[in-house]
Amino acid sequence: MYILHVSAECYPAAKVGGLGDVAGALPKYLNKTGATASVVIPHYHNKFFREHSWENVAAGAFYLGTIEYRYNILKERSGMLGFDLFIAEIPGLLDEELPYGYENDMRRHLGFQICVVDWISHQPNKPDVVHCHDHPTGLIPFMMDYCNNYRHLSEIKTVFTIHSAQYQGQFGLDKTYLIPPFDEWKRGMLEWNDMVNPLACAIKCCWRFTTVSPSYLAELRQSALGIEQLITDEQQKSRGILNGIDADVWNAQTDEWIEQTFDAATVTDGKMANKRALCDSFQLNPQLPLIVFIGRLVGDKGGDLLSDALRQTVMRLNREVSFLVLGSGVSEYENALNALKTDLPENFNCYIGYHEKLAHLLYAGADFLLMPSRVEPCGLNQLYALRYGTIPLVRSTGGLKDTVTDIAEPDGFGIRFEQATVASVDVAVERALTLYRNAPEMEKIRKRIMLFDHSWDHAAYVYLELYRSMEG
Ligand code: ADP
Ligand code: GLC
(Lines give C-alpha, C1' and ligand atoms only; values in the text may rest on other atoms or scores of the structure.)
(Ligands and ions follow the chains in the order given, each with its own letter.)
Protein backbone atom coordinates (compact mmCIF):
# COMPACT_ATOMS: atom_id res chain seq x y z
CA MET A 1 0.00 0.00 0.00
CA TYR A 2 1.37 3.41 -0.99
CA ILE A 3 0.22 6.42 1.06
CA LEU A 4 1.07 9.95 -0.03
CA HIS A 5 0.80 12.53 2.76
CA VAL A 6 0.16 16.10 1.69
CA SER A 7 0.96 18.76 4.26
CA ALA A 8 2.11 22.37 4.59
CA GLU A 9 4.67 21.33 7.23
CA CYS A 10 6.98 18.37 7.75
CA TYR A 11 9.73 18.23 10.37
CA PRO A 12 12.66 18.75 9.95
CA ALA A 13 12.08 20.42 6.57
CA ALA A 14 9.43 22.88 7.75
CA LYS A 15 7.77 23.17 11.14
CA VAL A 16 5.56 25.74 12.80
CA GLY A 17 3.93 23.42 15.33
CA GLY A 18 2.66 19.92 15.90
CA LEU A 19 1.47 19.40 12.31
CA GLY A 20 5.13 19.43 11.29
CA ASP A 21 5.98 16.84 13.93
CA VAL A 22 3.13 14.55 12.84
CA ALA A 23 3.90 14.77 9.11
CA GLY A 24 7.57 14.11 9.85
CA ALA A 25 6.94 11.05 12.02
CA LEU A 26 3.78 9.17 11.01
CA PRO A 27 5.12 8.32 7.50
CA LYS A 28 8.35 7.00 9.00
CA TYR A 29 6.43 4.71 11.35
CA LEU A 30 4.05 3.66 8.55
CA ASN A 31 7.10 2.58 6.58
CA LYS A 32 8.19 0.46 9.55
CA THR A 33 4.89 -1.47 9.31
CA GLY A 34 5.75 -2.49 5.74
CA ALA A 35 3.56 0.10 4.01
CA THR A 36 5.13 2.75 1.79
CA ALA A 37 4.51 6.31 2.86
CA SER A 38 5.92 9.55 1.54
CA VAL A 39 5.23 13.24 2.03
CA VAL A 40 4.88 16.22 -0.28
CA ILE A 41 5.13 19.78 1.02
CA PRO A 42 5.41 23.19 -0.64
CA HIS A 43 8.84 24.54 -1.37
CA TYR A 44 10.17 27.00 1.24
CA HIS A 45 13.32 29.07 0.88
CA ASN A 46 14.72 27.85 4.19
CA LYS A 47 17.87 26.34 5.66
CA PHE A 48 16.73 22.75 5.22
CA PHE A 49 16.11 23.30 1.53
CA ARG A 50 19.48 24.98 1.03
CA GLU A 51 21.42 22.35 2.95
CA HIS A 52 19.93 19.28 1.27
CA SER A 53 20.42 17.91 -2.15
CA TRP A 54 17.42 17.38 -4.45
CA GLU A 55 16.56 15.31 -7.48
CA ASN A 56 14.05 16.67 -9.98
CA VAL A 57 11.54 13.81 -10.44
CA ALA A 58 8.67 15.48 -12.28
CA ALA A 59 7.67 18.72 -13.94
CA GLY A 60 4.48 20.21 -15.25
CA ALA A 61 2.32 23.30 -15.43
CA PHE A 62 -1.11 24.42 -14.27
CA TYR A 63 -3.32 27.47 -14.32
CA LEU A 64 -4.31 29.44 -11.25
CA GLY A 65 -7.06 31.56 -12.77
CA THR A 66 -5.46 33.08 -15.85
CA ILE A 67 -1.85 32.74 -14.72
CA GLU A 68 0.14 29.73 -15.81
CA TYR A 69 2.70 28.39 -13.34
CA ARG A 70 5.35 25.79 -14.06
CA TYR A 71 6.28 23.37 -11.32
CA ASN A 72 8.99 20.88 -10.43
CA ILE A 73 8.70 18.06 -7.95
CA LEU A 74 11.97 17.60 -6.12
CA LYS A 75 12.87 14.56 -4.05
CA GLU A 76 15.23 14.73 -1.09
CA ARG A 77 18.27 12.64 -2.04
CA SER A 78 19.74 11.39 1.25
CA GLY A 79 16.70 9.38 2.33
CA MET A 80 17.76 10.05 5.93
CA LEU A 81 14.24 10.97 7.03
CA GLY A 82 12.83 7.44 6.95
CA PHE A 83 10.45 8.32 4.10
CA ASP A 84 10.63 10.00 0.71
CA LEU A 85 10.15 13.73 1.01
CA PHE A 86 8.96 15.59 -2.08
CA ILE A 87 8.87 19.32 -2.50
CA ALA A 88 6.58 21.17 -4.90
CA GLU A 89 8.60 23.99 -6.38
CA ILE A 90 6.47 26.64 -8.08
CA PRO A 91 8.60 29.66 -9.07
CA GLY A 92 6.68 32.90 -8.78
CA LEU A 93 4.21 31.43 -6.26
CA LEU A 94 6.07 29.49 -3.57
CA ASP A 95 9.03 31.77 -2.95
CA GLU A 96 8.69 32.41 0.77
CA GLU A 97 10.60 31.14 3.76
CA LEU A 98 7.73 30.12 6.06
CA PRO A 99 4.55 28.09 5.65
CA TYR A 100 2.05 30.80 6.64
CA GLY A 101 1.65 34.49 7.27
CA TYR A 102 1.76 36.01 3.79
CA GLU A 103 -0.82 38.18 2.11
CA ASN A 104 -1.18 35.64 -0.75
CA ASP A 105 -1.44 32.54 1.48
CA MET A 106 -4.73 31.52 -0.09
CA ARG A 107 -3.20 31.49 -3.59
CA ARG A 108 -0.07 29.73 -2.34
CA HIS A 109 -2.14 26.97 -0.71
CA LEU A 110 -4.39 26.62 -3.72
CA GLY A 111 -1.51 26.54 -6.21
CA PHE A 112 0.25 23.89 -4.12
CA GLN A 113 -2.88 21.73 -4.09
CA ILE A 114 -3.43 22.00 -7.85
CA CYS A 115 0.22 21.17 -8.42
CA VAL A 116 0.05 18.05 -6.22
CA VAL A 117 -3.13 16.79 -7.88
CA ASP A 118 -1.66 17.45 -11.32
CA TRP A 119 1.52 15.60 -10.38
CA ILE A 120 -0.49 12.61 -9.06
CA SER A 121 -2.55 12.57 -12.26
CA HIS A 122 0.65 12.06 -14.30
CA GLN A 123 2.23 9.45 -12.02
CA PRO A 124 2.42 5.96 -13.54
CA ASN A 125 2.22 4.37 -10.08
CA LYS A 126 -0.44 6.30 -8.27
CA PRO A 127 -0.86 6.26 -4.49
CA ASP A 128 -3.51 3.99 -3.00
CA VAL A 129 -4.29 6.65 -0.42
CA VAL A 130 -3.83 10.42 -0.47
CA HIS A 131 -3.76 11.59 3.14
CA CYS A 132 -4.28 15.36 3.49
CA HIS A 133 -3.66 17.43 6.61
CA ASP A 134 -5.53 20.59 7.65
CA HIS A 135 -7.16 23.27 5.52
CA PRO A 136 -4.18 24.13 3.23
CA THR A 137 -4.74 20.68 1.65
CA GLY A 138 -8.51 20.55 2.11
CA LEU A 139 -9.55 21.09 -1.52
CA ILE A 140 -7.59 18.09 -2.81
CA PRO A 141 -10.36 15.49 -2.27
CA PHE A 142 -12.78 17.80 -4.14
CA MET A 143 -10.36 18.31 -7.04
CA MET A 144 -9.73 14.55 -7.31
CA ASP A 145 -13.48 13.91 -7.53
CA TYR A 146 -14.90 16.80 -9.50
CA CYS A 147 -12.28 18.77 -11.45
CA ASN A 148 -12.65 17.93 -15.14
CA ASN A 149 -8.97 17.14 -15.65
CA TYR A 150 -8.60 15.03 -12.53
CA ARG A 151 -11.78 12.98 -12.23
CA HIS A 152 -9.84 9.88 -13.20
CA LEU A 153 -8.33 10.13 -9.69
CA SER A 154 -11.68 9.68 -7.97
CA GLU A 155 -10.97 5.98 -7.27
CA ILE A 156 -8.00 6.91 -5.09
CA LYS A 157 -8.95 6.86 -1.43
CA THR A 158 -8.62 10.14 0.46
CA VAL A 159 -8.15 10.66 4.18
CA PHE A 160 -8.27 14.08 5.78
CA THR A 161 -6.90 14.78 9.26
CA ILE A 162 -8.15 17.76 11.24
CA HIS A 163 -5.26 18.95 13.38
CA SER A 164 -7.16 22.11 14.13
CA ALA A 165 -10.63 23.32 13.15
CA GLN A 166 -9.73 26.78 14.44
CA TYR A 167 -8.36 27.58 11.00
CA GLN A 168 -10.64 26.66 8.11
CA GLY A 169 -9.05 28.64 5.26
CA GLN A 170 -12.28 30.27 4.05
CA PHE A 171 -12.31 32.56 1.04
CA GLY A 172 -14.94 34.36 -1.00
CA LEU A 173 -17.12 32.64 -3.58
CA ASP A 174 -15.86 35.16 -6.13
CA LYS A 175 -12.51 33.32 -6.05
CA THR A 176 -13.79 29.94 -7.21
CA TYR A 177 -12.53 30.76 -10.70
CA LEU A 178 -9.05 30.00 -9.34
CA ILE A 179 -9.99 26.34 -8.86
CA PRO A 180 -9.44 24.24 -12.02
CA PRO A 181 -12.69 23.81 -14.03
CA PHE A 182 -15.08 21.50 -12.14
CA ASP A 183 -18.52 19.96 -12.38
CA GLU A 184 -20.81 22.92 -11.65
CA TRP A 185 -23.41 20.62 -10.08
CA LYS A 186 -20.89 20.00 -7.29
CA ARG A 187 -20.29 23.65 -6.44
CA GLY A 188 -22.17 23.19 -3.16
CA MET A 189 -19.44 20.82 -1.96
CA LEU A 190 -17.05 23.76 -1.79
CA GLU A 191 -19.28 25.96 0.31
CA TRP A 192 -20.15 26.51 3.92
CA ASN A 193 -21.93 29.62 5.18
CA ASP A 194 -21.58 31.43 1.85
CA MET A 195 -17.83 31.00 1.66
CA VAL A 196 -15.53 28.47 0.07
CA ASN A 197 -14.48 26.53 3.17
CA PRO A 198 -11.56 24.15 2.47
CA LEU A 199 -11.88 22.40 5.86
CA ALA A 200 -15.62 21.81 5.44
CA CYS A 201 -15.11 20.80 1.79
CA ALA A 202 -12.53 18.20 2.83
CA ILE A 203 -14.90 16.72 5.39
CA LYS A 204 -17.62 16.46 2.75
CA CYS A 205 -15.47 15.02 -0.03
CA CYS A 206 -12.91 12.75 1.66
CA TRP A 207 -13.44 9.03 2.14
CA ARG A 208 -12.58 9.21 5.86
CA PHE A 209 -11.63 12.02 8.20
CA THR A 210 -9.80 11.85 11.49
CA THR A 211 -9.13 14.15 14.40
CA VAL A 212 -5.92 13.96 16.39
CA SER A 213 -7.60 12.71 19.58
CA PRO A 214 -10.94 11.05 20.41
CA SER A 215 -11.99 13.81 22.84
CA TYR A 216 -11.40 16.49 20.21
CA LEU A 217 -13.75 14.70 17.83
CA ALA A 218 -16.46 14.68 20.52
CA GLU A 219 -15.82 18.37 21.27
CA LEU A 220 -16.05 19.36 17.60
CA ARG A 221 -19.63 18.12 17.48
CA GLN A 222 -20.42 20.77 20.12
CA SER A 223 -18.06 23.57 19.14
CA ALA A 224 -16.23 23.91 15.83
CA LEU A 225 -16.50 27.52 14.66
CA GLY A 226 -19.67 26.89 12.67
CA ILE A 227 -19.07 23.40 11.24
CA GLU A 228 -20.44 21.43 14.25
CA GLN A 229 -23.44 20.18 12.27
CA LEU A 230 -21.26 19.03 9.38
CA ILE A 231 -19.01 17.06 11.75
CA THR A 232 -22.11 15.45 13.25
CA ASP A 233 -23.70 14.71 9.87
CA GLU A 234 -20.52 13.09 8.55
CA GLN A 235 -19.62 11.24 11.73
CA GLN A 236 -19.98 7.80 10.13
CA LYS A 237 -16.72 8.43 8.30
CA SER A 238 -14.87 9.97 11.25
CA ARG A 239 -12.30 8.53 13.66
CA GLY A 240 -10.52 10.12 16.61
CA ILE A 241 -6.95 8.79 16.54
CA LEU A 242 -4.54 10.00 19.17
CA ASN A 243 -1.24 11.25 17.75
CA GLY A 244 1.97 9.49 18.61
CA ILE A 245 5.46 10.93 18.99
CA ASP A 246 8.74 10.24 17.25
CA ALA A 247 10.50 8.32 19.99
CA ASP A 248 13.89 8.68 18.22
CA VAL A 249 13.76 12.47 18.07
CA TRP A 250 12.34 12.83 21.59
CA ASN A 251 14.56 10.55 23.62
CA ALA A 252 16.26 11.67 26.85
CA GLN A 253 18.78 8.83 26.52
CA THR A 254 20.20 9.96 23.19
CA ASP A 255 19.18 13.63 22.81
CA GLU A 256 22.23 15.58 21.61
CA TRP A 257 20.55 18.88 22.32
CA ILE A 258 20.35 18.50 26.08
CA GLU A 259 23.05 19.09 28.69
CA GLN A 260 23.06 15.55 30.08
CA THR A 261 21.27 12.46 28.79
CA PHE A 262 19.40 10.28 31.26
CA ASP A 263 16.94 7.42 31.61
CA ALA A 264 14.33 6.41 34.16
CA ALA A 265 17.00 5.03 36.52
CA THR A 266 19.02 8.26 36.47
CA VAL A 267 16.12 10.69 36.11
CA THR A 268 16.67 12.70 39.30
CA ASP A 269 20.32 13.50 38.67
CA GLY A 270 19.85 13.81 34.93
CA LYS A 271 17.04 16.31 35.21
CA MET A 272 18.96 18.31 37.81
CA ALA A 273 21.95 18.66 35.48
CA ASN A 274 19.70 19.95 32.70
CA LYS A 275 17.83 22.22 35.09
CA ARG A 276 21.12 23.74 36.27
CA ALA A 277 22.17 24.45 32.70
CA LEU A 278 18.81 26.09 31.98
CA CYS A 279 18.80 28.11 35.19
CA ASP A 280 22.35 29.26 34.50
CA SER A 281 21.40 30.59 31.10
CA PHE A 282 18.23 32.24 32.34
CA GLN A 283 19.44 33.47 35.75
CA LEU A 284 16.98 31.40 37.77
CA ASN A 285 17.47 29.58 41.05
CA PRO A 286 17.81 25.82 40.41
CA GLN A 287 16.68 25.04 43.95
CA LEU A 288 13.14 26.26 43.19
CA PRO A 289 10.63 24.17 41.28
CA LEU A 290 10.78 25.13 37.61
CA ILE A 291 7.60 25.31 35.52
CA VAL A 292 7.88 25.90 31.77
CA PHE A 293 5.53 26.82 28.95
CA ILE A 294 6.49 26.05 25.34
CA GLY A 295 4.29 27.05 22.46
CA ARG A 296 2.54 29.53 20.28
CA LEU A 297 1.53 32.60 22.31
CA VAL A 298 -2.09 32.71 21.16
CA GLY A 299 -5.46 32.65 22.90
CA ASP A 300 -6.07 28.98 22.03
CA LYS A 301 -3.02 28.05 24.07
CA GLY A 302 -3.94 30.39 26.95
CA GLY A 303 -1.10 32.72 25.94
CA ASP A 304 -3.13 35.70 27.12
CA LEU A 305 -3.33 34.28 30.66
CA LEU A 306 0.34 33.66 31.17
CA SER A 307 1.68 36.99 32.39
CA ASP A 308 -1.16 37.62 34.88
CA ALA A 309 -1.28 34.03 36.08
CA LEU A 310 2.46 33.75 36.62
CA ARG A 311 2.66 37.12 38.36
CA GLN A 312 -0.17 36.26 40.76
CA THR A 313 1.17 32.79 41.48
CA VAL A 314 4.75 33.82 42.12
CA MET A 315 3.58 36.51 44.56
CA ARG A 316 1.01 34.37 46.34
CA LEU A 317 3.42 31.48 46.73
CA ASN A 318 6.08 33.73 48.26
CA ARG A 319 8.37 33.53 45.24
CA GLU A 320 8.95 29.84 45.84
CA VAL A 321 8.54 28.86 42.21
CA SER A 322 10.18 29.84 38.90
CA PHE A 323 8.73 30.03 35.42
CA LEU A 324 10.37 29.96 32.02
CA VAL A 325 8.44 30.61 28.80
CA LEU A 326 9.56 29.72 25.27
CA GLY A 327 7.21 30.98 22.61
CA SER A 328 6.14 33.57 20.13
CA GLY A 329 2.86 34.82 18.77
CA VAL A 330 0.58 37.75 19.57
CA SER A 331 2.83 40.74 20.25
CA GLU A 332 0.66 41.97 23.14
CA TYR A 333 1.30 38.69 25.01
CA GLU A 334 4.98 38.76 24.11
CA ASN A 335 5.29 42.31 25.48
CA ALA A 336 3.47 41.40 28.69
CA LEU A 337 5.94 38.55 29.24
CA ASN A 338 8.92 40.76 28.52
CA ALA A 339 7.61 43.24 31.10
CA LEU A 340 7.22 40.44 33.65
CA LYS A 341 10.93 39.74 33.31
CA THR A 342 11.66 43.16 34.75
CA ASP A 343 9.09 42.78 37.52
CA LEU A 344 10.10 39.28 38.65
CA PRO A 345 13.76 38.93 37.61
CA GLU A 346 14.49 36.11 40.04
CA ASN A 347 11.45 33.99 39.33
CA PHE A 348 10.67 34.53 35.69
CA ASN A 349 12.37 34.59 32.35
CA CYS A 350 11.37 34.03 28.75
CA TYR A 351 12.75 33.45 25.29
CA ILE A 352 10.48 35.09 22.74
CA GLY A 353 11.01 33.30 19.46
CA TYR A 354 11.20 29.82 17.98
CA HIS A 355 14.10 27.64 19.13
CA GLU A 356 13.91 23.91 18.45
CA LYS A 357 17.05 23.00 20.37
CA LEU A 358 16.14 25.06 23.42
CA ALA A 359 12.73 23.36 23.52
CA HIS A 360 14.51 20.03 24.11
CA LEU A 361 16.47 21.47 27.03
CA LEU A 362 13.26 22.85 28.53
CA TYR A 363 11.49 19.49 28.35
CA ALA A 364 14.56 17.88 29.93
CA GLY A 365 15.30 20.44 32.64
CA ALA A 366 11.83 21.45 33.81
CA ASP A 367 10.02 19.96 36.76
CA PHE A 368 6.60 20.76 35.32
CA LEU A 369 5.13 21.81 31.96
CA LEU A 370 2.13 24.15 31.95
CA MET A 371 -0.52 23.97 29.20
CA PRO A 372 -3.52 26.19 30.00
CA SER A 373 -4.97 25.59 26.51
CA ARG A 374 -8.49 26.67 25.64
CA VAL A 375 -8.40 24.39 22.60
CA GLU A 376 -5.97 21.48 22.25
CA PRO A 377 -6.83 19.00 19.49
CA CYS A 378 -4.07 16.67 20.66
CA GLY A 379 -1.07 18.49 22.08
CA LEU A 380 2.36 16.97 21.66
CA ASN A 381 4.16 19.02 24.31
CA GLN A 382 2.69 17.04 27.19
CA LEU A 383 3.78 13.79 25.48
CA TYR A 384 7.33 15.09 25.01
CA ALA A 385 7.33 16.26 28.64
CA LEU A 386 6.38 12.78 29.88
CA ARG A 387 9.23 11.26 27.92
CA TYR A 388 11.69 13.55 29.74
CA GLY A 389 10.18 12.91 33.20
CA THR A 390 8.47 16.31 33.33
CA ILE A 391 5.06 16.42 34.98
CA PRO A 392 2.29 18.06 32.92
CA LEU A 393 -0.14 20.68 34.33
CA VAL A 394 -2.92 20.83 31.79
CA ARG A 395 -6.38 22.19 31.25
CA SER A 396 -8.87 19.34 30.74
CA THR A 397 -9.59 19.66 27.06
CA GLY A 398 -9.14 17.68 23.81
CA GLY A 399 -6.06 15.52 23.66
CA LEU A 400 -4.88 16.73 27.06
CA LYS A 401 -7.89 14.96 28.57
CA ASP A 402 -6.98 11.79 26.69
CA THR A 403 -3.34 11.70 27.76
CA VAL A 404 -3.03 13.13 31.28
CA THR A 405 -4.49 11.55 34.44
CA ASP A 406 -4.66 13.70 37.55
CA ILE A 407 -2.61 12.67 40.59
CA ALA A 408 -5.85 12.47 42.59
CA GLU A 409 -6.94 9.53 40.39
CA PRO A 410 -5.63 5.97 40.65
CA ASP A 411 -2.27 5.80 38.80
CA GLY A 412 -2.41 9.56 38.21
CA PHE A 413 0.75 11.38 37.17
CA GLY A 414 -0.26 14.92 36.17
CA ILE A 415 -2.30 17.87 37.34
CA ARG A 416 -5.49 18.83 35.56
CA PHE A 417 -7.68 21.89 35.87
CA GLU A 418 -11.04 22.74 34.35
CA GLN A 419 -10.94 26.43 33.52
CA ALA A 420 -8.57 28.50 31.41
CA THR A 421 -8.36 31.21 34.08
CA VAL A 422 -5.70 32.85 36.22
CA ALA A 423 -7.31 31.36 39.35
CA SER A 424 -7.25 27.79 37.98
CA VAL A 425 -3.61 28.06 36.93
CA ASP A 426 -2.81 29.40 40.40
CA VAL A 427 -4.45 26.41 42.12
CA ALA A 428 -2.74 23.96 39.75
CA VAL A 429 0.68 25.48 40.47
CA GLU A 430 0.05 25.29 44.20
CA ARG A 431 -0.75 21.59 43.83
CA ALA A 432 2.44 21.17 41.82
CA LEU A 433 4.44 22.77 44.61
CA THR A 434 2.96 20.41 47.18
CA LEU A 435 3.94 17.49 44.99
CA TYR A 436 7.43 18.91 44.43
CA ARG A 437 8.03 19.02 48.17
CA ASN A 438 7.32 15.29 48.37
CA ALA A 439 10.62 14.19 46.79
CA PRO A 440 10.03 10.39 46.91
CA GLU A 441 6.65 10.80 45.20
CA MET A 442 8.15 13.11 42.56
CA GLU A 443 10.82 10.59 41.79
CA LYS A 444 8.32 7.74 41.60
CA ILE A 445 6.15 9.63 39.11
CA ARG A 446 9.11 10.75 37.00
CA LYS A 447 10.43 7.21 36.67
CA ARG A 448 6.99 5.94 35.72
CA ILE A 449 6.08 8.55 33.10
CA MET A 450 9.43 8.20 31.34
CA LEU A 451 8.51 4.62 30.54
CA PHE A 452 5.14 5.38 28.92
CA ASP A 453 5.06 4.45 25.25
CA HIS A 454 3.37 7.20 23.25
CA SER A 455 5.40 6.48 20.13
CA TRP A 456 3.73 6.23 16.72
CA ASP A 457 4.28 2.44 16.84
CA HIS A 458 0.70 1.97 17.95
CA ALA A 459 -1.08 4.81 16.12
CA ALA A 460 0.60 3.98 12.79
CA TYR A 461 -1.18 0.62 12.89
CA VAL A 462 -4.46 2.34 13.67
CA TYR A 463 -4.03 4.52 10.57
CA LEU A 464 -3.07 1.47 8.54
CA GLU A 465 -6.29 -0.23 9.64
CA LEU A 466 -8.21 2.87 8.62
CA TYR A 467 -6.60 2.86 5.15
CA ARG A 468 -7.37 -0.86 4.78
CA SER A 469 -10.97 -0.41 5.91
CA MET A 470 -11.58 1.56 2.69
CA GLU A 471 -10.42 -1.26 0.44
CA GLY A 472 -13.08 -2.95 -1.70
P1 ADP B 1 0.50 23.23 18.07
O2 ADP B 1 0.71 22.40 16.88
O3 ADP B 1 -0.93 23.59 18.26
O4 ADP B 1 1.38 24.41 18.14
P5 ADP B 1 1.54 20.93 19.59
O6 ADP B 1 1.58 20.68 21.07
O7 ADP B 1 0.90 19.86 18.79
O8 ADP B 1 0.85 22.35 19.38
O9 ADP B 1 3.00 21.05 19.01
C10 ADP B 1 3.83 22.13 19.24
C11 ADP B 1 5.20 21.76 18.70
O12 ADP B 1 5.91 22.96 18.42
C13 ADP B 1 6.06 21.02 19.70
O14 ADP B 1 7.03 20.25 18.98
C15 ADP B 1 6.75 22.15 20.47
O16 ADP B 1 7.93 21.73 21.11
C17 ADP B 1 7.02 23.09 19.32
N18 ADP B 1 7.14 24.51 19.66
C19 ADP B 1 6.14 25.39 19.84
N20 ADP B 1 6.62 26.62 20.07
C21 ADP B 1 7.96 26.52 20.03
C22 ADP B 1 9.03 27.46 20.17
N23 ADP B 1 8.80 28.74 20.42
N24 ADP B 1 10.29 26.99 20.04
C25 ADP B 1 10.53 25.69 19.79
N26 ADP B 1 9.57 24.76 19.65
C27 ADP B 1 8.30 25.17 19.76
C1 GLC C 1 -2.52 21.19 15.89
C2 GLC C 1 -3.10 21.21 17.29
C3 GLC C 1 -2.32 20.40 18.29
C4 GLC C 1 -1.90 19.06 17.70
C5 GLC C 1 -1.14 19.29 16.41
C6 GLC C 1 -0.67 18.00 15.78
O7 GLC C 1 -1.63 22.22 15.65
O8 GLC C 1 -3.27 22.53 17.78
O9 GLC C 1 -3.10 20.18 19.46
O10 GLC C 1 -1.10 18.34 18.62
O11 GLC C 1 -1.96 19.95 15.50
O12 GLC C 1 -1.75 17.16 15.45
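**How many nonpolar, polar and charged residues does the shell around ligand 2 have, by class?** Let's work that out together, and then walk on through the rest of the fold.

This is a predicted model, in which local features need pLDDT of at least 70 and side-chain atom pairs count only at pLDDT 80 or more, while totals for chains, interfaces and linings use all residues. Residues are numbered from 1 along each chain as its sequence is written, chains are lettered from A and ligands numbered from 1 in the order in which they are written, and side-chain values use heavy atoms, with hydrogens and water left out.

**Exercise 1. Describe the surroundings of ligand 2.**

Step 1. Start with the shell: 13 residues surround ligand 2, the closest being His163, Asn243, Glu376, Cys378 and Gly379 (a residue is near if one of its heavy atoms lies within 4 Å).

Step 2. Sort the shell by class, and the opening question is answered: six nonpolar, four polar and three charged residues. Here Ala, Val, Leu, Ile, Met, Phe, Trp, Tyr, Cys and Pro count as nonpolar, Asp, Glu, Lys and Arg as charged, and the others, Gly among them, as polar.

Step 3. Look for the source of these residues. Helix α1 (residues 18-32) gives the largest share, three residues; helices (H or I, at least four residues) and strands (E, at least two) are DSSP runs, numbered from the N terminus.

Step 4. Check the oxygen atoms of ligand 2. One is 2.5 Å from an N or O atom in the side chain of Glu376, one is 2.8 Å from such an atom in the side chain of Asn243, and one is 3.0 Å from a backbone N or O atom of Cys378. Taken alone, ligand 2 exposes 310 Å², of which the protein buries 91% (Shrake-Rupley method, 1.4 Å probe).

**Exercise 2. Do the same for ligand 1.**

Step 1. Ligand 1 has 20 residues around it, with Lys15, Gly18, Asp21, Arg296 and Lys301 coming nearest. By class they divide into seven nonpolar, eight polar and five charged.

Step 2. Find the elements involved: α1, β12 (290-297), β13 (322-329), α11 (356-365) and α12 (381-387) each supply at least two residues of this shell.

Step 3. Now the distances. An oxygen atom of ligand 1 is 2.6 Å from a polar backbone atom of Gly18, and one is 2.8 Å from an N or O atom in the side chain of Lys15. On its own ligand 1 has 560 Å² of accessible area, and the protein covers 92% of it.

**Exercise 3. Trace the nine-stranded sheet and explain its edges.**

Step 1. The order is β3-β4-β5-β2-β1-β6-β7-β10-β11, in an open sheet with mixed pairing (two strands pair if DSSP finds at least two bridges between them).

Step 2. β3 (54-64) and β11 (238-240) each have a single partner strand, so one side of each is left without a neighbour in the sheet.

Step 3. Strands β1 (residues 2-6) and β6 (residues 129-133) pair in the parallel sense over four bridges. His5 has His131 in β6 as its bridge partner.

**Exercise 4. Trace the six-stranded sheet.**

Step 1. Read the order as β14-β13-β12-β15-β16-β17, an open sheet with parallel pairing.

Step 2. Its edge strands, β14 (348-352) and β17 (415-417), each pair on one side only.

Step 3. Two bridges join β12 to the parallel strand β15 (residues 368-371), where Leu369 is the bridge partner of Val292.

Key
Polar contact = N/O pair within 3.5 Å; in protein donor to acceptor, adjacent residues only side chain to side chain.
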